[in-house]
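Thanks for making the time this morning. I would like to walk you through one structure, and I will try to say how each term is defined as we come to it.

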Protein chains: 2
Amino acid sequence: MNKKLKPSATRKHFALNLRKTRERLGLSQEALADAAGLHRTYVGSVERGERNISIDNIERLAAALGVSPASLLAEAKQ
Amino acid sequence: MNKKLKPSATRKHFALNLRKTRERLGLSQEALADAAGLHRTYVGSVERGERNISIDNIERLAAALGVSPASLLAEAKQ
């Protein structure tokens, strides 16, 4: 098992923003993955905060969703 | 050599924001690296857009600088 059991706050913000934006656009994880050139299971694990995603993949996902990379890292407004 | 010779736009934004914020605080690359638990040469290469930095390291650098991770990815205002 991984020593880092809890995803970082930033991973959690990214995961939540990614899922919310994807669902707002009516995209499945698979459709988003295809649009971003990534694998569906990878997108799923990112949305669970399990991946230490890189800046290049953050950019790919943001581009596929039509939002800025910065917006996907922002802390959600309650 | 790397096939991806040009850093992505997001890498460039991050690199520029990181350097500007670090210099505004009067920190050397070494002081920032120490505060973030990273190596000085790693911080230097990130500031040149050479690294596909991960979200956990983005968070470490943002925390060491006292800014939000999202702000470091934002496109610079001209």
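I will begin with the basis of the model, then turn to the relation between the chains, the helix contacts and the salt bridges.

Please keep in mind that this is a predicted model, in which local features need pLDDT of at least 70 and side-chain atom pairs count only at pLDDT 80 or more, while totals for chains, interfaces and linings use all residues. Residues are numbered from 1 along each chain as its sequence is written, chains are lettered from A and ligands numbered from 1 in the order in which they are written, and side-chain values use heavy atoms, with hydrogens and water left out.

How is chain A laid on chain B? A turn of 180° and a shift of 0.0 Å along the axis give an RMSD of 0.0 Å, where the superposition is by least squares on the C-alpha atoms of residues with pLDDT of at least 70 in both copies. That is the relation of a two-fold axis, and in chain A the C-alpha nearest to this axis belongs to S54(A), 2.0 Å away. Both copies use the same surface, since 100% of the contact residues of chain A recur in chain B, contact meaning heavy atoms within 4.5 Å.

Now to the helices, which are DSSP runs of H or I with at least four residues, numbered from the N terminus. Helix α4 of chain A, residues 55-65, and helix α1 of chain B, residues 9-24, have axes that come within 8 Å and cross at roughly 125°; the axes are lines fitted to C-alpha atoms over the stretch in contact, with angles from 0 to 180 degrees between N-to-C directions. α4(A) and α1(B) are therefore oblique to each other, the class left once angles under 35 degrees (roughly parallel), over 145 (roughly antiparallel) and 65 to 115 (roughly perpendicular) are set aside. On the α4(A) side the contact is made by I55(A), D56(A) and E59(A), and on the α1(B) side by A9(B), T10(B), R11(B) and F14(B).

With the chains exchanged, α1(A) and α4(B) also come within 8 Å and cross at roughly 125°, and here A9(A), T10(A), R11(A) and F14(A) meet I55(B), D56(B) and E59(B).

Finally, there are 10 salt bridges over all chains, each a side-chain nitrogen of Lys or Arg within 4 Å of a carboxyl oxygen of Asp or Glu. One pair is E47(A) with R19(A), at 3.5 Å from N to O, and this pair links helix α3 (residues 40-47) to helix α1 of chain A across 28 residues.

Definitions and conventions. Helices (H or I, at least four residues) and strands (E, at least two) are DSSP runs, numbered from the N terminus.
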